[in-house]
Amino acid sequence: MGLKIYGIKKLKIDLKDIEQMRLVKEIVKKHGGNLQQQMVKNAVFKGGYSTGETKRSINLLRQNAGLTVRVKPLTKYSPYVEYGTRFMDKQPFVKPAFQQVKKEFVKELKRLT
């Protein structure tokens, strides 16, 4: 009497894919949090009517079952602070944070492949 199981090879591949996706989601979550922290740290503005509202409004939202993280300030005027206007100089806080976090994020994802 014997027992033969078909599909073990495919099952192993599927299980490996599930583990990879779990690791990818962890990396996305970790670096999304890092991006939020860095943006908050950078959101110290000079001059004007700085109230701290933009800093407090920086929001992290996870989407696509954890494969996407959106980090953004929710104040309507944050683009004016980031890019400036003809009346005020720019004081970027989003792009520098993104550039800093992006390097480590890409490096960790490359380690998985």
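**Close-up 1. A nonpolar patch on the surface, built from Tyr77, Tyr80, Phe87 and Met88.** Together these four side chains' residues offer about 460 Å² of accessible area. Keep in mind that this is a predicted model. Tyr77, one of the four patch members, sits in the loop that links β2 (68-72) to α3 (78-83). Is Tyr77 buried, exposed or partly exposed? Its relative accessible area is 36%, so Tyr77 goes down as partly exposed, given that this label covers the range between 20% and 50%.

**Close-up 2. The whole chain, for orientation.** Pull back and you can count four helices and two strands. Reading from the N terminus, the order is α-α-β-β-α-α. The chain has 113 residues, and 22% of them count as buried. Its accessible surface adds up to about 9,000 Å², with carbon and sulfur atoms owning 59% of that. As for how the chain folds back on itself, take the contacts between residues at least 6 apart in sequence: 52% of these join residues at least 24 apart.

**Close-up 3. Ser57 in helix α2.** This helix spans residues 53-57, and Ser57 is part of it. With a relative accessible area of just 10%, Ser57 is buried, because anything under 20% gets that label. Where does the side chain of Ser57 reach? It goes to the backbone oxygen of Thr54, at 2.9 Å. Setting aside residues up to four places away in sequence, Ser57 also touches a run of other residues: Lys72, Pro73, Leu74 and Thr75. Of these, Lys72 falls within the residue range of β2 (68-72), so this view puts helix α2 and strand β2 in the same frame.

**Close-up 4. Asn42 in helix α1.** Here we're looking at a residue of the helix that covers 8-42. Asn42 has 22% relative accessibility, so it counts as partly exposed; the cut-off for buried is under 20%. Which residues does Asn42 contact, once neighbours within four places in sequence are left aside? They are Phe93, Pro96 and Ala97. Gln91 is worth picking out in this view too: Asn42 and Gln91 are 49 residues apart in sequence, yet their C-alpha atoms are 9.3 Å apart in space.

How values were computed
Residues are numbered from 1 along each chain as its sequence is written. This is a predicted model: local features need pLDDT of at least 70, side-chain atom pairs count only at pLDDT 80 or more; totals for chains, interfaces and linings use all residues. Side-chain values use heavy atoms; hydrogens and water are left out. Patches are made of residues with over 30% relative accessible area and no salt bridge: like charges are joined within 9 Å, nonpolar side chains (Val, Leu, Ile, Met, Phe, Trp, Tyr) within 5 Å. Accessible areas come from the Shrake-Rupley method with a 1.4 Å probe; for residues, only the protein chains shown count as cover. Buried means under 20% relative accessible area, exposed over 50%, partly exposed in between (1.4 Å probe, protein chains only). Contact means heavy atoms within 4.5 Å. A polar contact is a pair of N or O atoms within 3.5 Å; within protein, one must be able to donate a hydrogen and the other to accept it, and residues adjacent in sequence count only if both atoms are side-chain atoms.
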